[in-house]
Amino acid sequence: MTVIMPSTLFSRNSEDSLLLHSIWNYYGKYAQDLAGTEQNVYMVYNFNVERRNALLFLIPTMYSIAKGDRRFVGEAYCKLKYGANNKYDLRRQVICGTIPRNRKVMPAMLEFMTPHVYDITLYPDHLLSPFHRTNRRYYRYSISHIGGDLSIVRFRPILNNTQLVNGHAVASSTTGRLLSIVFEGEFDMIKFNVTALMNVQTPNLTLPERCITTASFKFLGNSIKSTYSAYYNCPTTLPDSIQECANPILMEKLRPTPLLKEEKDVYQQFHDIRAAQAAAADSAGVGKPNTFVVLKEKAWELIGDKLINTQYARAGALTMRISPLFNPLHFGWSFNHGVAYRLNAGLQYVITPARFFVLNPDIGYNFKQRQFYYIIPLRFTYDLRYNAFVEFDMGNGNRIASSQMIEDILTHLGPIADVPMFRDEFYQLNHNINPVPWLNVMTGVVFHRRSALNREFLRDLGLPQEYRSFAPIATVHLNPWKNGPMLTVNYERSIQNIFGSNLNYERWEFDAAYKKNINSLRFLSVRGGVGFYTHRSTEYFVDYINFRDKNLPGGWNDEWTGQFQLVNGQWYNESEYYIRAHLTYDSPLLALSWIPHAGRLIEAERFYASALSIQHHPFYYELGYGFTNRFFSTGIFTSFVGLKHDRVGFKFTIHIFNRW
């Protein structure tokens, strides 16, 4: 249960309380559904680098301002398309400015550009809004009437936390409509101040007409200040074919408001310096840049852009994305698996909006196991309406050891120095379709080749060094209710003598997962499942889909929920059945958040409870607590076998600059 301070301090009289209720009810009465609508947005932004050092090169997206000028200005004319749950896609169409190659700098700032003041969160998935009814427990309010139909509503959080803001708003005393809002806070290493002027012409449009965000960022001796000004509902609509077009002349025509003097000065200084450099080169008779200078610039380009930043490229219908080759947030550590590193990439080729190819390779390395993991899925979507696609996957799974094989070897040889391990390579072809919204059907075939790492050892014992399996598979996802669990059934049945298959088995798995959005960024997640083999030709290999080890780092909302953290790795592959259950509870203000100073950085906290029953260990339990902040996610777990305490372990993943 979330720990809450005493109830919200409402205003001193019923008239002020009525105004608060009018504000909380305004969205439900007047707001229109924006999903699928578009707006033209103009924004101008500037950066002032007050202090910087070499560490600025290592921060994603900051390479462009880590050297050279200290003041930068940029402009973008964008198309803003709203999606479900108040999320939106912002596409830059025309760009210009003094930032090298018009790159995006501190894209996290874009999240502070369009606040949804009436929603539960001001921005998607973070910052609890003081003007949503469910968040009133986290804020205290005071109201001042300033004449006529206007009132000032001041709000402050009940504790200093990164998910809460402080500020004031001007509201209509009769309708509760917000006319303007000013708030400040700190989130993801950015201290910000937002001034939003609401759209007063259209009552059912609850988004800003203009928004100005100032922010400061400080990190290990670096200090940067920035300002973003966004203007909505711009009249000129550009064709969708115009994307990332660097055209200062066109921007002059599209700009809805003149530049400020400071912004003009930065432009002028930029052009003066470039003109002076060109004149100096002409007077010296230099036709081409010095070779050393060119190579130096290329080296910085490689280090700063390719190694630190996520790479994007587009050529016609083909788009590409690859994560940075060096990024701290790709590292993770856990008690069972040690240190691991992960990279991913994406490639998309669009034939039509409803037909396209997608390639998303995911690779990683586990330093404790000294193993390289990879999976390369190639998907062709041929009918987006029904999520119909064909996908081919190839990769390697977890190294597997058979407890039954070990027992057989011990019976004949006694104690052995090394446990026989098998590497797993797989190839899978699937077809997926959603014939109706609540039903998803995936069918296909999968081929596994498990080969021994120490082939000579098994050869001397007269045991096979390689096992192969070829199996048709079917997976069905069911969700016929609006707010109910997702049910999953998975079936796999091997066929011998196809591609050298020498394994014969039949496996069933059933799974149910449910995530309840309680409100105010609080969630209750429940997951349970069973799996069993109805037939096996050998006792040596057990390999489930939903009950398996995770050897690469995952994020807070990924593998941390619905997985065991301390289970012995061999348990996943030694039982003919499993029964498991998981429960987690998330809240932004749970326990540590109330600790002075340190608690202000906590973004979310979580309690874990998991239970497992398998053939040789019928009663196994895990309990845990974790939290996440701007720098990392961590958790502490303890396990029990029966009524006996087993062990304590930790898990840790880096999150710094995860949104950058």
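**Figure 1. Charged side chains over aromatic rings.** In this predicted model, R379 sits over the face of F389, at 3.7 Å from the ring centre. A second view of this kind shows K515, which lies over the face of F523 at 4.7 Å from the ring centre.

**Figure 2. The open sheet and its edges.** The sheet has 11 strands with mixed pairing, and their order is β6-β7-β8-β9-β10-β11-β12-β1-β2-β3-β13. Strands β6 (139–147) and β13 (245–246) stand at the edges; each has a single partner strand, so one side of each is left without a neighbour in the sheet.

**Figure 3. Pairing of β7 with β8.** Strand β7 covers residues 150–157 and strand β8 covers residues 166–172; the two run antiparallel and are joined by six bridges. V153 has its bridge partner in β8, namely A169. V153 also belongs to the largest nonpolar core, where it is listed with the residues that have the most contacts inside that core.

**Figure 4. Two nonpolar cores.** The largest nonpolar core has 75 residues. Those with the most contacts inside it are M43, F47, M62, V153, F183, F192 and F217. A second core, separate from the largest, has 29 residues, including I400, Y544, W571 and L612. In soluble globular proteins, nonpolar side chains tend to be buried together.

**Figure 5. Aromatic pair Y26 and Y118.** The structure holds 35 aromatic pairs. One of them is the stacked pair of Y26 and Y118, with 5.4 Å centre to centre and 25° between the planes. Y26 is part of helix α1 (residues 14–30), whereas Y118 is in the loop between β3 (88–97) and β4 (121–123), so the pair ties together parts that are 92 residues apart in sequence. Y26 and Y118 are both buried.

**Figure 6. Aromatic pair F183 and F192.** The rings of F183 and F192 are arranged edge-to-face, with 6.3 Å centre to centre and 80° between the planes. F183 and F192 are both buried. Both residues are also among those with the most contacts inside the largest nonpolar core.

**Figure 7. An aromatic cluster.** One aromatic cluster is formed by Y505, Y533, Y544, F547, F564, W571, Y572, Y578 and Y620. Y544 and W571 from this cluster are also included in the second nonpolar core, the one of 29 residues.

**Figure 8. Salt bridge between D69 and R274.** A search of the whole structure finds 23 salt bridges. In the one formed by D69 and R274, the closest N and O atoms are 3.5 Å apart. D69 lies in the loop between β1 (38–51) and β2 (71–82), and R274 lies in helix α3 (residues 261–283), so the pair ties together parts that are 205 residues apart in sequence. D69 has 22% relative accessibility and therefore counts as partly exposed. R274 also counts as partly exposed, at 36% relative accessibility.

**Figure 9. Salt bridge between E75 and R255.** The closest N and O atoms of this salt bridge are 2.6 Å apart. E75 is in strand β2 and R255 is in the loop between α2 (248–254) and α3, so that distant parts of the chain, 180 residues apart, are linked. Both E75 and R255 are buried.

**Figure 10. Salt bridge between R580 and D511, with a network elsewhere.** The side chains of R580 and D511 meet at 2.9 Å, N to O. R580 belongs to strand β28 (residues 577–587) and D511 to strand β26 (residues 505–519); the two residues are 69 residues apart, and the pair links distant parts of the chain. R580 has a relative accessible area of 3% and is buried. D511 counts as buried too, at 8% relative accessibility. In a separate panel, E75, E252 and R255 are joined into one network by salt bridges that share partners.

**Figure 11. Contact between T638 and H645.** T638 lies in strand β31 (residues 632–641). The side chains of T638 and H645 make a polar contact of 2.6 Å. With 18% relative accessibility, T638 counts as buried, since the cut-off for buried is under 20%.

**Figure 12. Y585 in strand β28.** Y585 is found in strand β28, the strand that also holds R580. At 11% relative accessibility, Y585 counts as buried. Y585 and E605 are 20 residues apart in sequence, and their C-alpha atoms are 8.2 Å apart in space.

Conventions:
Residues are numbered from 1 along each chain as its sequence is written. This is a predicted model: local features need pLDDT of at least 70, side-chain atom pairs count only at pLDDT 80 or more; totals for chains, interfaces and linings use all residues. Side-chain values use heavy atoms; hydrogens and water are left out. Two strands pair if DSSP finds at least two bridges between them. Helices (H or I, at least four residues) and strands (E, at least two) are DSSP runs, numbered from the N terminus. A nonpolar core is a set of buried Ala, Val, Leu, Ile, Met, Phe, Trp, Tyr and Cys residues joined through side-chain atoms within 4.5 Å. Buried means under 20% relative accessible area, exposed over 50%, partly exposed in between (1.4 Å probe, protein chains only). Rings of Phe, Tyr and Trp (its six-membered ring) pair if their centres lie within 6.5 Å; planes under 30 degrees apart count as stacked, over 60 as edge-to-face and the rest as tilted. A charge sits over a ring if NZ of Lys or CZ of Arg is within 6 Å of the ring centre and within 35 degrees of the ring normal. A salt bridge is a side-chain nitrogen of Lys or Arg within 4 Å of a carboxyl oxygen of Asp or Glu. A polar contact is a pair of N or O atoms within 3.5 Å; within protein, one must be able to donate a hydrogen and the other to accept it, and residues adjacent in sequence count only if both atoms are side-chain atoms.
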